[in-house]
Amino acid sequence: MAADLKYEISQNAYIKLVLHALKHNTTAVNGILLGRVNPQNENVVEIIDSVHLFHSNLALLPPLEIALIMIEEHYGSQGLGIVGYFHANERFDDVELGIVAKNISDHICRYFPQAAVLLLDNKKLEAVPKGKCQSPVMQGLT
Amino acid sequence: MVSKTQETQLNRLENQVDNGGGGAWEYLCLVRMLKVRRSEKVLKYGLSILNDPKKRSALGPEEWTLYEQVAIAAMDCQCLDVAKDCIKVLQKKFPESKRVGRLNGMLLEAKGSWAEAEKAYSSLLEDNPLDQVIHKRRVSMSKAQGNISGAIELLNKYLEIFMADHEAWRELAEIYASLQMYKQAAFCYEELILSQPTVPLYHLAYADVLYTLGGLENLQTAKKYYASTIDLTGGKNTRALFGICLCTSAIAQVSKGRNKEDKESPELHSLAATALEKDYKQRASDKLGLLTSALRSLKT
């Protein structure tokens, strides 16, 4: 395990993901995190942008493949790579990473071993309008 | 399942009502007919009609349907007090009604009292064992509690009786896919294609599942179904066009070591690629470069 990896997520990336999850509040949603390793400090991964992917049929391969190809092309030209995966579960109290999410994130980890996996904590999301400052649940990957 | 024209009409009405242009009742009727899930809007506009005595009396006997619609929307938005009030009104008007009994069961569900809701539904089912809505509520209760295998079992039993319920087959297919049980999901889509062969959505979903399953035979069948989707939609379905490109490159990869002659594939692939490029030029010309490089990486 790498020692003490830190992740910094930009506001833009974070907001895009949360808004997408809020818009499709009746289904599971997922997204890809883009960024790079901090050139000054190897132990910090900067998540600079995000692309939200699907809000239905997350488990099908063809749309995912095309999306990943295009994302890599587009952000590769900007110097960013895929650094992680975001997932929000369908059910309110489901805080586990499901099979599909695990598979996709394992796959991303193969290409970028320091990949981050963000799972939206629905209970914290519910508390957001009440003024509390919350963050999505983070899980590191082995 | 909603067609594109119906969806545009619905969105247009929604915009109109949102911007104060009236037409709330037509919007609510359309939502009810199309069975879409727009609970926040339904709640807002339904309540505005119900709380205004003049508008309410203008509805006549439709008033009770609106109460039911708003009650369900309120439960979806977790406004349980609103739901309770609506149900109370309905109960006063129709004291022995099974429909109101169903709403009461749904309210228990919304509160999370699963055992009591299950009891309510079972007793309703005793009187009427062929009530489709209640069977489906029990499936959604299992799903909501996280008991996916229970949901699958109940849904299978339901489909043994009500084989023609397309939405139920779709739901089952999606559940199977989310558990990565793609063979079973493929079976569901096969049933759907058999009963409604002209609906392109099922062909597309079936092709996606076959591609996910993988293997040369499945990839070739997937390509055929992407082609049939394109046929049924007059070439406008972007996902199917992409699907063809993915299939041809996957088939080429799988059959690299073998001597299979796939003479028709380069034509199909280039046709699909050209169609995609034309589409992108029209609708998203700034992304055209992205598309060409993506397609190039697929050709290898």
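What average pLDDT does chain A have, and what share of the residues score at least 70? Let us start there and work through this predicted model one exercise at a time.

**Exercise 1. Find out how confident the predictor is in each chain.**

Step 1. Chain A averages a pLDDT of 82, and 86% of the residues score at least 70.

Step 2. Turn to chain B, where the average is 89 and 96% of the residues score at least 70. Among the elements of chain B, helix H12 (residues 182–195) has the highest mean pLDDT, 95, and H17(B) has the lowest, 84.

Step 3. Look for a weak stretch in chain A. Over residues 130–137 of chain A, pLDDT stays under 50, and the model has 13 contacts beyond four places in sequence for them. Where pLDDT is low, the predicted coordinates should not be read in detail.

Step 4. For the complex, the predictor gives an ipTM of 0.86 and a pTM of 0.89.

**Exercise 2. Describe how chain A is built.**

Step 1. Count the elements: chain A has four helices and six strands.

Step 2. Put them in order. Starting at the N terminus, the elements of chain A read β-α-β-β-α-β-α-β-α-β.

Step 3. Check burial and contacts. Of the 142 residues in chain A, 46% are buried. Among contacts in chain A with a separation of 6 or more, 67% are between residues 24 or more positions apart.

**Exercise 3. Trace the nonpolar cores.**

Step 1. The largest nonpolar core has 96 residues, and A:Ile32 and B:Tyr226 touch the most other members. H15(B) gives the most to this core, with nine residues.

Step 2. List the neighbours of B:Tyr226, leaving out residues up to four places away in sequence. In chain A, B:Tyr226 touches A:Pro62. In chain B, the residues that B:Tyr226 touches include B:Leu204, B:Ala207, B:Asp208, B:Tyr211 and B:Arg239. Also among them are B:Ala240, B:Gly243, B:Ile244 and B:Cys247.

Step 3. Now find the second, separate core: this one has 40 residues, including B:Tyr45, B:Leu50, B:Ala74 and B:Tyr121.

**Exercise 4. Explore the second largest pocket.**

Step 1. The volume of the second largest pocket is about 910 Å³. The pocket is lined by 35 residues, and those closest to its centre are A:Leu61, A:Glu65, A:Leu68, A:His107 and A:Tyr111.

Step 2. See which helices take part. At least two lining residues each come from helix H2 (61–76) and helix H3 (99–111) of chain A, and from helix H13 (200–213), helix H15 (238–254) and helix H17 (288–299) of chain B. H3(A) gives the most to this lining, with eight residues.

Step 3. Sort the lining by class: 20 residues are nonpolar, 10 are polar and five are charged.

**Exercise 5. Look inside the second largest cavity.**

Step 1. There are two cavities of 30 Å³ or more, and the second largest has a volume of about 30 Å³.

Step 2. Name the lining: A:Ile66, A:Ile69, B:Phe242, B:Ala294 and B:Leu298. H2 of chain A and H17 of chain B each supply at least two of these residues.

Step 3. By class, the lining of this cavity has five nonpolar, no polar and no charged residues.

**Exercise 6. Decide whether B:Glu14 and B:Asp81 are buried or exposed.**

Step 1. Locate B:Glu14 in helix H1 (residues 4–18) of chain B. B:Glu14 counts as buried because its relative accessibility is 11%, and buried means under 20%.

Step 2. Leaving out residues up to four places away in sequence, B:Glu14 touches B:Tyr27, B:Arg38 and B:Lys41.

Step 3. B:Asp81 lies in helix H6 of chain B. Its relative accessibility is 58%, so B:Asp81 counts as exposed, the cut-off being over 50%.

Step 4. B:Asp81 is 26 residues from B:Leu107 in sequence, and their C-alpha atoms are 10.0 Å apart.

**Exercise 7. Examine phi at B:Lys35 and B:Gln78.**

Step 1. Most residues other than glycine have a negative phi.

Step 2. B:Lys35 is not a glycine, yet has a positive phi of about 55°. B:Lys35 sits in the loop between helix H2 (24–34) and helix H3 (39–50) of chain B, and is exposed, with a relative accessible area of 74%.

Step 3. B:Gln78 also has a positive phi, near 60°. B:Gln78 belongs to the loop between helix H5 (62–76) and helix H6 (80–93) of chain B.

Terms used. Residues numbered from 1 in each chain as written. Chains lettered and ligands numbered in written order. Predicted model: local features only at pLDDT ≥ 70, side-chain atom pairs only at ≥ 80, totals over all residues. Heavy atoms only, no water. 1 Å grid on protein atoms, 1.4 Å probe; cavity = no way out; pocket = protein on both sides within 12 Å on 5 of 7 lines; lining within 4 Å. Points joined across faces, edges and corners; volume = space filled by probe spheres on them. Nonpolar A, V, L, I, M, F, W, Y, C, P; charged D, E, K, R; others polar. pLDDT = per-residue confidence, 0-100. Core = buried A, V, L, I, M, F, W, Y, C linked by side-chain atoms within 4.5 Å. Buried < 20%, exposed > 50% of the residue type's maximum accessible area, 1.4 Å probe, protein only. Contact = heavy atoms within 4.5 Å.
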